Amino acid sequence: MLIHYTWHVIVDLIQIKKSDSCRETHFYLLTFPSVSLSQVEVYSVTVDCTVTSRFAHTVMTSKAFNKANSSQEILFEVELPKTAFITNFSMEIEGQVYVGEVKEKEKAKKQYEKAVSSGQTAGLVKASGRKMEKFSVSVNIAAESNVTFVLTYEELLQRKLGRYELLTRVKPKTLVQDFQIVTNIYEPQGISYVDAHATFLSNELLPLVEKTAHISFSPTMEQQRKCPGCDGTLIDGDFIVSYDVKREKNLGDIQIVNGYFVHFFAPELPKLPKNVVFVIDISGSMSGRKIVQTREAMLAILQQVHEDDHFAIILFDSVIETWKDSLTKATKENITEAMDYIRRINSRGMTNVNDAVLKAVNMLVKDRQMERLPERSADMIILLTDGMPNEGESNIGKIQENVRTAIGGNMSLYCLGFGNDVDYSFLDVMSRQNKGLARRIFEASDAVVQLQGFYDEVASPLLLEVDMHYPDNAVDSLTTSHFSQLFNGTEIVVAGHLMDNDLDNFLVEVVGQGVRKKGKTKEMYIFGDFTERLWAYLTIQQLLEKSKSGTPDEKANTTAKALDMSLQYSFVTPLTSMVVTKPETEDSTSSPLIADKLTEGTWRKQSLKILNMGRDSNRQPSDYKATCQLLSHDRPK
């Protein structure tokens with residue numbers, strides 16, 4: 001099929017089908033060498049992604065040739081999702097292959113410090129935008145020589161709002177003789193739809209496929225040109241593939257390979273009523289665009305609250321102010337009244353987070369005791385704040401303790417951190433301690449969309465307190481099997497090791513609040529080792545989350561387990577680093593380069609430094625480049 005560029009889509013069955021919108025279960029890719037284009041020819045850029053049962057394995061390869069009569073520095077850059085783990089990197093120069101090695105971070109740090117002390121730049125990973133990390137490495141290539149870069153990483157795609165998404169950001173910056181993006185999707189359940197399109201094309205491609213999908217994008221050099229005879233490239237934007245799988249109305253699907261299993265559970269159920277208290281920071285730091293955007297977002301969210309739901313609004317600065325003394329049913333009249341109230345809010349005062357959240361908890365507890373809320377419904381608090389607590393209780397640890405004690409596991413707390421000044425780790429830990437999650441809201445023109453998007457994700461609970469039970473004598477090394485809630489459009493994933501390959505009596509039981517299902521699932525045996533690597537990826541992610549809270553001994557144990565598994569499966573995680581040794585040159589000996597995961601703290605420091613540099617008119621471009629190449633450490637998902 002030809003649509004301006006060369007698009008090859010091979011499918012078993014094609015049917016055009018429109019979808020509401022392309023939501024994100026993000027998988028971002030970017031590959032482009034940035035070099036002196038007159039001296040160096042970038043003749044091949046390929047992105048090869050294979051998705052097997054939601055587990056994405058991506059290999060990015062770039063090849064360049066130094067046409068000059070002298071050596072040239074060649075830069076390779078690739079942008080990957082923060083939730084992905086790098087698993088391999090190599091450079092081939094004149095037949096010699098240099099391969100990265102995953103090591104414990106502390107050991108890698110010693111090599112890094114030695115390189116920095118000798119004046120070399122050793123950091124490979126830096127922050128890039130909201131959801132991506134940029135991996136970059138430069139090497140000196142001799143005259144009339146070739147170099148090949150290969151980067152591999154893996155990620156478990158998460159289902160959000162009814163779909164999975166792979167997003168390839170393509171910015172080659174030059175015409176490339178061999179440019180290709182290939183995506184192969186294999187889902188044993190069968191694929192219900194695939195939607196492929198690009199922001200830099202005028203056409204959309206929406207094939208409906210059965211079992212497998214092979215999608216490739218390979219424009220010729222002439223098709224890449226901005227205009228006849230010019231060197232500029234049209235390719236500059238996002239290539240997006242989103243899809244979902246077929247689902248049977250049972251206990252989900254189990255897939256098995258080489259002694260490991262993965263269980264996917266995404267039932268179709270009526271949504272539960274919810275009882276939500278919006279706790280909104282109106283302190284002085286929220287003045288200006290923030291408070292305007294908060295008003296706009298809340299007005300849109302209130303219109304989406306379902307008539308079976310109950311809601312309340314609490315505003316806080318130094319003082320705690322409630323719209324009403326208890327939760328109110330979301331009738332049209334009450335929604336209209338609440339919207340009028342929101343239109344009148346303005347910023348003022350200090351930031352008393354502790355008392356505001358405790359007020360919300362007490363409101364839900366009291367209404368439960370008075371039987372004002374449906375018995376089978378979900379209780380949640382959504383906190384929006386932009387700064388540090390500086391009124392009332394200001395000790396972060398004490399606030400977390402107070403909130404955890406008050407909630408007592410009886411409701412969920414979701415925290416939205418607005419802007420760069422907020423202590424995101426404080427909100428992240430507090431939300432995870434209380435069956436919720438945190439999300440950073442970036443100060444930008446689309447902040448309203450960000451706020452609405454978060455609410456959409458948690459707006460439709462289906463099940464509460466979900467437990468996935470498997471035969472005790474058949475499985476071990478299970479990933480998390482208890483989930484506080486399951487939302488519409490999402491998916492529960494549990495993986496584990498099989499102790500017995502005889503699955504005649506492999507019964508699965510799913511227990512949720514008011515729901516109990518028991519029976520055999522449909523088991524599928526498939527190829528490859530992806531199930532074990534999926535299990536390892538999921539286990540490490542969950543161990544890293546657990547290491548943020550608990551007793552010192554618990555933190556140490558979970559950290560040690562995550563480190564051992566990261567090294568065993570060669571994942572670059574917050575506990576490990578990939579060490580890449582650059583080849584020797586005439587001017588220097590071989591030097592190590594370090595690839596790390598970014599932490600929230602490092603990501604924020606880098607973002608602020610780059611932002612401040614952009615504001616400093618006295619800085620030179622070389623200063624900006626140096627700032628971008630500072631060593632970056634862990635950034636959690």
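This report looks at helix H4 and the internal cavities of a predicted model.

## Helix H4

H4 runs over residues 332-343, so we're dealing with 12 residues. From first C-alpha to last, H4 reaches 17 Å, close to the 16 Å expected at 1.5 Å a residue.

Which residues of H4 are buried? Asn334, Ile335, Ala338, Met339, Tyr341 and Ile342 are. Look down the axis of H4 and these buried residues fall within an arc of 160 degrees, so they line one face of the helix. That fits the usual helix geometry: an α-helix has 3.6 residues a turn, so residues three or four places apart point the same way. Over on the face turned away from the buried side sit Lys332 and Glu333, both exposed.

## What H4 packs against

The buried residues of H4 have plenty to lean on: they pack against helix H3 (289-304) and the strands E21 (274-281), E22 (310-316), E23 (320-322) and E24 (328-329).

## The cavities

How many cavities of 30 Å³ or more does the structure hold? There are five. The largest has a volume of about 120 Å³ and is lined by 13 residues, with Met298, Ile301, Ile382, Leu416 and Leu451 nearest its centre. E21, H3, strand E25 (378-385) and helix H8 (447-458) each give two or more residues to that lining, and H3 supplies the largest share, four residues. By class, the lining has 12 nonpolar residues, one polar and no charged ones.

The second largest cavity, at about 60 Å³, has a mixed lining of four nonpolar, three polar and three charged residues. Among them are Arg247, Glu248, Asp253, Phe264 and Phe265.

Notes
Residues numbered from 1 in each chain as written. Predicted model: local features only at pLDDT ≥ 70, side-chain atom pairs only at ≥ 80, totals over all residues. Heavy atoms only, no water. Expected span 1.5 Å × (residues − 1). Buried < 20%, exposed > 50% of the residue type's maximum accessible area, 1.4 Å probe, protein only. Arc of directions from axis to C-beta. Contact = heavy atoms within 4.5 Å. 1 Å grid on protein atoms, 1.4 Å probe; cavity = no way out; pocket = protein on both sides within 12 Å on 5 of 7 lines; lining within 4 Å. Points joined across faces, edges and corners; volume = space filled by probe spheres on them. Nonpolar A, V, L, I, M, F, W, Y, C, P; charged D, E, K, R; others polar.
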